[in-house]
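Hello,

Here is the structure I said I would pass on. Please have it open while you read the notes below.

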Amino acid sequence: MKETPSKSATDPKSSATPETKIGLIGSGSWATALAKILHETGQEFNWYFRFRSQIRAFKKQGHNPNYLTSVSFDTSKIHFYSDLTKLVEESDTLLLCTPSPYLKGILQKVEPEKYKGKVFLNAVKGIIPDSYQLVSDFLSSEFGIPMSQIAVISGPTHAEEVAIDRTSYLTIGCEDKETALRLAPLFHAPYVHTVISTDVRGIEYSSVLKNVYAIASGITQGMKLGDNFMAVLICNATGEIKRFIRTATESRPQVYDSAYLGDLLVTAYSRYSRNRTFGNYLGKGYGVYEAQLEMEMIAEGFYGAKCIHEVNKRYGVEIPIADAVYDILYEHVKPEQAFKNLKPLLK
């Protein structure tokens with residue numbers, strides 16, 4: 001599925017529909033980075049924080065008190081909510097940006113009928129852990145949201161680089177192309193380029209898989225296996241992503257586009273990648289629990305590895321790198337043994 005430029009990518013003066021009311025659900029670093037982009041495009045938006053104390057601190061300090069604290073906001077243009085139901089009522093587009101293990105519990109706080117007519121923009125990059133569903137599938141089955149009202153936002157865009165205005169690229173995916181075109185200008189800033197796609201489920205699966213492969217990359221680094229092996233590992237990971245998406249969905253993605261390969265590369269190589277950092281601890285000999293304790297934030301790939309393993313029981317796709325990461329995380333296989341078994345399978 002080839003990405004195509006959005007109107008914002010070709011016409012910087014274009015803008016989103018004026019009546020678009022974004023409701024941001026999530027308060028971590030990725031949520032804050034997306035809020036920064038929205039803020040710089042001149043959008044007023046709603047933002048949900050679980051605790052009122054966080055809102056008071058944000059208003060007093062002019063920045064998120066816990067994440068990307070160097071990013072300043074004009075808080076008069078942000079409508080803060082600690083009541084999720086009220087935020088949903090006051091928003092027509094809900095931007096989901098929480099860790100995947102918490103998303104289901106958060107959304108179930110609101111009566112399902114409140115979601116009718118809302119557009120959902122998924123920035124989670126994870127799978128619902130207990131049901132092993134993509135976020136789009138969960139929204140469809142749990143709340144009856146049609147796929148035409150479910151979009152995904154992804155791409156090689158680390159929050160830390162957005163914070164310092166580094167050039168970044170985002171893909172807005174929706175089966176309804178017009179919805180994607182309407183949403184894309186919201187995220188077009190001088191340093192952010194946007195394209196659109198209709199491959200929602202493919203992008204969602206790729207967003208999960210790249211976190212798993214970033215853990216593998218970190219393990220490689222921690223074990224000091226070298227750049228040559230790392231290059232082969234990532235080449236093979238790209239093939240696994242392509243095979244899995246083509247089997248698990250009806251899409252035929254151009255996996256070399258930024259939403260797939262670009263996101264994989266930045267997550268596998270960047271010093272900002274928490275999944276790579278998590279894998280690095282494992283490669284150095286830390287146990288899984290010890291490595292988690294060292295992390296200040298959630299490494300989505302930990303949950304993603306199990307979810308992909310469970311989903312793949314239905315499809316039987318050959319994904320030996322993802323299998324090796326699963327074995328290390330959940331079957332107590334030592335990284336040395338898992339990678340010893342893996343090496344002959346790479347090419």
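How many cavities of 30 Å³ or more does a search of the whole structure find? The search finds one. Keep in mind that this is a predicted model.

The cavity

The largest cavity holds about 30 Å³ of space. Its lining starts with a run you can pick out in the sequence: Asn122, Ala123, Val124, Lys125 and Gly126 are among the residues there. Val152, Ile153, Glu204 and Ser207 also line this cavity. Two elements, strand E9 (150–154) and helix H9 (200–222), each supply at least two residues of the lining. By character, the lining of the largest cavity has four nonpolar, three polar and two charged residues.

Strand E2

Now go to strand E2, residues 22–25. Are its faces covered or open? Both are covered. Ile22 and Leu24 are buried on one side. Gly23 and Ile25 are buried on the other.

E2 has strand partners. With strand E5 (residues 93–96), E2 runs parallel, and four bridges join the two. Ile22 stands opposite Thr93 in E5. With strand E3 (residues 45–48), the pairing is also parallel, over three bridges. Here Gly23 stands opposite Asn46 in E3.

How does the chain get from E2 to E3, and what is the hand of the crossover? The path goes through helix H2 (residues 29–40). This β-α-β crossover is right-handed.

To find these places on screen, start at Gly23 and Asn46 for the E2–E3 pair. Then go to Val152 and Glu204 for the cavity lining.

Best wishes

Definitions and conventions. Residues numbered from 1 in each chain as written. Predicted model: local features only at pLDDT ≥ 70, side-chain atom pairs only at ≥ 80, totals over all residues. Heavy atoms only, no water. Buried < 20%, exposed > 50% of the residue type's maximum accessible area, 1.4 Å probe, protein only. Pairing = 2+ DSSP bridges. Right-handed = clockwise from strand over helix to strand, strands pointing away. 1 Å grid on protein atoms, 1.4 Å probe; cavity = no way out; pocket = protein on both sides within 12 Å on 5 of 7 lines; lining within 4 Å. Points joined across faces, edges and corners; volume = space filled by probe spheres on them. Nonpolar A, V, L, I, M, F, W, Y, C, P; charged D, E, K, R; others polar.
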